[in-house]
Amino acid sequence: GIEDSSIVYTRKISITTLNNNEKSVSSTVTWEASPERTLTVELVTFLTNWPGVEATGGDTGGGGLSGDWNNPRTLGSIDLGPGNSATDLDVKNKIVYVSAEASAVSKPDFFIIDATDGQNPVIKSDINVGSKGLNALDAAGNYVYAANQATTKQLVVIDVSNINSPVIVTSSSLPGVSGSGGAGNTIFYFDSKIYIATKKATGPEFHVFDVSNPLSPTSLGSFEMDTDVNSIYVFNNVAYVAVSADDELRMLNISNPASISQIGNYDAPGDTEDGKVAYLVGTRIYLGRLVGGNHTNHHEFHIIDVSSSSSPQNLGSVDLAVDLNDLRTRDSLAFFGTSDSNNEFQVWNISNPSNLSLVSSFNFPQVASGIDYEDNLVYVAVRSNDALRIITSTP
């Protein structure tokens, strides 16, 4: 071959955190073939922390973004039937687990949907837990762990190894909890433990269960929050908790579940906006809030640096003027499920936290209650019998 030592090559290595167990690494080499012609070669690889994926129940989010998210479109949808509305969902390998609230106790409140063909998702099965419904769920391995709306047996464990025939294998009550606020409100699985919480109740709102044997959950400890707990995200020994209090985000040391302690908090401007969702990527928490009574300049979306749990720092925020009920991030984009009557689904560019910008939005029949991401598809739970929307980018 012919070598030309006069050619100067520039190489740039970029590392992007996709989630807490995945990073993308890109190597870009640029050179001038001639004064008028610049050439570039880019190689991208993905790195996965498989023990971490196992700790989170095997949920990775899959491949990265593609297509045009300036113009999202509906790929497919599911109707759960009259009297059912979705409250939450979790997606693993194109199987969608949906929790629901039913108009009658006799109606089903848990659904398994096969979305392998995203244009034609199919309900494979459903079951009735026997209460008002389920508020939230998290799938891990062959089980789904659900937060029950009842004030006893708040933790429900469902065997989903056969998606055509799910089975409730056990349910557990939260020790020391009573009162109307004591229903299961939010739930999170990490490293063979379940973190489940209630609204403000008599007794502790935050609870930890050992589910290394899913058939026999064991209570490990609890913590008094003295407020509604609306969202939990656990990574390593810290629980990031969104609450209905002036300090909307609280960080708990859960290394010893029998002796939980608060190690930090974040109080966003405005006292009427409850913390609704906390989602961790790397050292950043993406915090969503409810709109409250006076939202002027009281932003509903915040990006918070929690590299120091005792001293979190706000990196940027934006005023949505609506409830931000759930969110997921991928690469430079954040996907929102909101209460906006004309733009329930929103896509935001978060590459520069100090200059957040709306990319696109989408109108649904009702409020978006839950959201998940997998392989360039966003799955949205909707508080309507038209309960699942699968959204993708325009090719």
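Which residues does His302 touch, not counting residues up to four places away in sequence? In this predicted model, they are Tyr266, Ala268, Pro269, Ile285, Tyr286, Leu287, Arg289, Asn314, Gly316 and Ser317. The protein chain that holds His302 has a secondary structure of one helix and 31 strands. The points below cover the chain as a whole, its nonpolar cores, the surroundings of His302, one strand hairpin and two loop residues.

**Overall dimensions and burial**

- The radius of gyration of the protein chain is 22 Å, which agrees with the value near 21 Å for a compact globule of 395 residues.
- The C-alpha trace spans about 75 × 45 × 45 Å along its principal axes.
- Among the 395 residues of the protein chain, 54% count as buried.
- The exposed area of the protein chain comes to about 16,300 Å², and carbon and sulfur atoms supply 45% of this area.
- Of the contacts in the protein chain with a separation of 6 or more, 47% are between residues 24 or more positions apart.

**Nonpolar cores**

- The largest nonpolar core contains 49 residues, and those touching the most other members are Phe206, Leu249, Leu252, Ile285 and Phe301.
- Strand S18 (residues 238-243) contributes six residues, the largest share of this core.
- Another core, of 18 residues, lies apart from it, with Ala86, Val91, Ala115 and Tyr379 among its members.
- Beyond its neighbours within four places in sequence, Phe301 is in contact with Tyr286, Leu287, Gly316, Ser317, Val318, Leu320, Leu324, Leu327, Phe336, Ile350 and Leu356.

**His302 and its surroundings**

- His302 belongs to strand S23, which covers residues 301-305.
- The relative accessible area of His302 is 1%, so this residue counts as buried, the cut-off being under 20%.
- The side chain of His302 reaches the backbone oxygen of His299 at a distance of 2.9 Å.
- Ile285, one of the residues that His302 touches, is also among the members of the largest nonpolar core with the most contacts to other members.
- Tyr286, Leu287, Gly316 and Ser317 are among the residues touched by His302, and they also appear among the contacts of Phe301.

**The S9-S10 hairpin**

- Strand S9 (residues 134-140) is mostly covered, with six of its seven residues buried.
- S9 runs antiparallel to strand S10 (residues 143-148), and six bridges join the two strands.
- Within this pairing, Ala136 of S9 stands opposite Ala147 in S10.
- The two strands form a hairpin with two residues between them, and Gly141 in the turn has a positive phi of about 60 degrees.

**Positive phi outside glycine**

- Most residues other than glycine have a negative phi.
- Ala321 is not a glycine, yet its phi is positive, at about 65 degrees.
- The position of Ala321 is in the loop between strand S24 (313-318) and strand S25 (324-330).
- Ala321 counts as partly exposed because its relative accessibility is 34%, between the cut-offs of 20% and 50%.
- Asp375 likewise has a positive phi, near 50 degrees, in a residue other than glycine.
- The loop that holds Asp375 lies between strand S29 (368-374) and strand S30 (377-382).
- With a relative accessible area of 33%, Asp375 is also partly exposed.

Conventions. Residues are numbered from 1 along each chain as its sequence is written. This is a predicted model: local features need pLDDT of at least 70, side-chain atom pairs count only at pLDDT 80 or more; totals for chains, interfaces and linings use all residues. Side-chain values use heavy atoms; hydrogens and water are left out. A nonpolar core is a set of buried Ala, Val, Leu, Ile, Met, Phe, Trp, Tyr and Cys residues joined through side-chain atoms within 4.5 Å. Buried means under 20% relative accessible area, exposed over 50%, partly exposed in between (1.4 Å probe, protein chains only). Helices (H or I, at least four residues) and strands (E, at least two) are DSSP runs, numbered from the N terminus. Contact means heavy atoms within 4.5 Å. Two strands pair if DSSP finds at least two bridges between them. The radius of gyration is taken over C-alpha atoms; the globule rule is 2.2 Å times the number of residues to the power 0.38. Accessible areas come from the Shrake-Rupley method with a 1.4 Å probe; for residues, only the protein chains shown count as cover. A polar contact is a pair of N or O atoms within 3.5 Å; within protein, one must be able to donate a hydrogen and the other to accept it, and residues adjacent in sequence count only if both atoms are side-chain atoms.
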